[in-house]
Amino acid sequence: MFLKKNGSKESQSAIKNIVTLNAYTNKYYIFKGDKFQPLKKLTYNKANFITSYLSNKDFITTRTQVSRSIPQEDIADILEIKAYEELGLDQASDYVISSYEVESVGDEREFHLFVAETGVLNDLYLPIKEETKYLDLIAPAPLLYKSLYKREILNENGTHCFVYFTKFDAFVTFYKDGEYLYSKSIEFSLEQIYEKFCEIEGEQVDKNEFSSILETEGLKATDSKYQQNFMKIFGEVFITINDIIIYTKRAFQLDSIDHMYIGSVQGPIVGLDEYSHNYLGLPSADFNFDYNIDNDEWYTDQLQYLMLLTSMDYMEDESTVLNLTMFPRPPAFVNRASGQFIIATFAAISLGLAYPLYHLVSSYANDAKTFTLTKQDESLKAEAAKYKKILGEKKTEISRLDEELNRLAKLYGGKTKTLKSIYQEKVNYRLKSGIFYTIAEELNKFGVHVDRIETKEDMVLMSLVSSDDRKMTELIKYISNTHFDDIKEIDIKLIEKDPESEHYRGILKVVFR
């Protein structure tokens with residue numbers, strides 16, 4: 001018994017091509033250089049990613065619930081037990097069991113279980129493995145539709161029903177909001193439809209003729225015999241599909257099916273979408289999408305395209321795609337048991353031989369190094385003594401020069417200070433007589449007189465007399481604006497009227513810069 005889970009990580013760095021194959025009909029395609037084309041023969045090439053699908057009839061599936069209190073490391077064992085119990089698996093048989101978790105709320109976690117017998121997988125894929133040496137991905141056919149939503153080919157909103165006819169299987173699949181819901185095979189594969197057609201006719205009909213008419217004319221066949229027989233057979237098909245739809249809506253509490261897509265491995269069956277719409281009352285269309293992939297064929301099996309897209313999704317993130325393969329590509333040499341054994345043996349032998357040799361070589365190397373270092377030491381001691389003597393002499397000279405430098409610094413410092421003072425008095429001294437003269441003119445200009453003046457260093461106090469206090473104010477404002485660069489401060493504390501003379505008096509204080 002094999003229990004498989006998604007998420008095993010393999011290196012994809014060497015992969016350049018994707019090979020998709022239908023193991024039921026031995027039809028192969030290769031995606032190489034952005035072109036998807038038929039492949040005549042399978043060969044081993046580690047640059048190829050090999051993928052296939054398992055028909056719905058060759059596996060069984062169920063939904064099961066597990067308590068959220070169960071530790072993650074025990075989930076695989078619990079799901080294995082539930083698979084045997086709920087699906088009634090034979091204890092004596094071997095199975096591949098794979099699962100993925102469904103989004104859910106509450107105390108229970110919900111999982112989709114997919115189970116396939118190893119005997120079925122061996123019968124289908126061992127002949128292929130002989131050619132390719134491995135199969136990277138085997139996906140359940142109904143899960144291939146997930147890529148339609150992931151690539152936004154279909155809008156994930158709503159409930160969709162897919163019906164697809166292959167040579168040996170026909171299956172109905174339901175998706176809700178872009179997530180797999182349920183699938184079921186019906187006894188109307190293309191081979192079974194051919195057999196039913198022959199039964200109705202009561203004789204063996206040429207198979208090539210039958211396939212050609214079904215493919216090109218479908219339910220609108222010009223031959224009335226073919227048309228009547230097809231209508232009868234597909235009437236039975238849609239009775240079966242209707243029963244499945246009724247069950248699915250009840251089991252999963254669906255209000256409606258929003259759209260149906262119907263197709264086959266040979267191409268759209270003419271008139272089948274109209275028949276579906278009329279019989280089931282559901283919007284229906286051909287299962288034939290534009291994947292924006294370069295291909296020269298007029299029609300390619302849709303499952304081949306979906307395998308290609310699913311392979312791309314798998315290589316981007318393995319955990320998003322359920323995988324039933326029993327034949328994965330071998331790990332890198334260093335990760336194989338045989339490779340690790342060979343590497344370990346070689347390393348042990350190398351270490352066994354290297355250890356004594358290392359000590360022997362190290363001994364000779366140490367002797368040679370000791371001799372060389374002794375010679376260098378003698379030479380360096382003589383050199384060091386010479387430089388110590390030179391350094392002593394230089395230190396004595398530096399001390400003498402420092403003393404002389406300090407003496408001269410003091411001498412020149414005093415002289416520099418005296419010269420700067422003389423320069424300031426000579427160059428930067430500003431005569432105040434000029435500014436006094438200018439201010440006197442301005443006093444005259446504004447009709448203001450001075451009856452007393454005092455000076456102290458850079459400060460002048462003037463007693464002002466005027467017939468109008470506004471003249472004093474205007475004078476002060478004018479002097480302040482005009483002599484901004486020369487005056488540090490200008491202020492008049494109080495302007496008052498002289499009661500005896502009817503004049504205004506005030507003491508103006510001017511501080512020059």
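**Exercise 1. Work out how Glu404 and Arg407 are placed relative to each other in helix H9, and how their side chains interact.**

Step 1: Start with the helix. Glu404 and Arg407 both sit in helix H9 (residues 337-427), and because they are three residues apart, about one helical turn separates them. Helices here are DSSP runs of H or I with at least four residues, strands are runs of E with at least two, and both are numbered from the N terminus.

Step 2: Look at the side chains. Glu404 and Arg407 form a salt bridge, with the closest N and O atoms 2.6 Å apart. The term salt bridge requires a side-chain nitrogen of Lys or Arg within 4 Å of a carboxyl oxygen of Asp or Glu.

Step 3: Check accessibility. Glu404 is partly exposed at 33% relative accessibility, and Arg407 is partly exposed at 46%. Buried means under 20% relative accessible area, exposed means over 50%, and partly exposed lies in between (1.4 Å probe, protein chains only).

A word on the source: this is a predicted model, in which local features need pLDDT of at least 70 and side-chain atom pairs count only at pLDDT 80 or more, while totals for chains, interfaces and linings use all residues. Residues are numbered from 1 along each chain as its sequence is written, and side-chain values use heavy atoms, with hydrogens and water left out.

**Exercise 2. Set the salt bridge of Lys82 and Glu86 beside that of Lys146 and Glu179.**

Step 1: Take Lys82 and Glu86, whose side chains meet at 3.6 Å, N to O. Both belong to helix H1 (residues 75-87), four residues apart, about one turn of the helix. Lys82 is partly exposed at 22% relative accessibility, and Glu86 is partly exposed at 39%.

Step 2: Now take Lys146 and Glu179, whose side chains meet at 2.7 Å, N to O. This pair links distant parts of the chain, 33 residues apart: Lys146 is in helix H3 (residues 146-150) and Glu179 in strand E12 (residues 179-186). Lys146 is partly exposed at 29%, and Glu179 is partly exposed at 41%.

Step 3: Widen the view. The structure holds 20 salt bridges. Asp451, Asp498 and Arg505 are linked in a network of them.

**Exercise 3. Describe the backbone and surroundings of Asn26 and Asp34.**

Step 1: Recall the background. Most residues other than glycine have a negative phi.

Step 2: Read the angles. Asn26 has a positive phi of about 55°, and Asp34 has a positive phi of about 65°; neither Asn26 nor Asp34 is a glycine.

Step 3: Locate the residues. Asn26 lies in the loop between strand E2 (17-22) and strand E3 (27-32), and Asp34 in the loop between E3 and strand E4 (35-39). Asn26 is partly exposed at 48%, whereas Asp34 is exposed at 60%.

**Exercise 4. Characterise the overall form of the protein chain.**

Step 1: Count the elements. The protein chain has eleven helices and 18 strands.

Step 2: Test it against a globule. The radius of gyration is 51 Å, well over the 24 Å from the globule rule for 513 residues, so the protein chain is more spread out than a compact globule. The radius is taken over C-alpha atoms, and the rule is 2.2 Å times the number of residues to the power 0.38.

Step 3: Add extent and burial. The C-alpha trace spans about 150 × 95 × 50 Å along its principal axes. Of the 513 residues, 38% count as buried.
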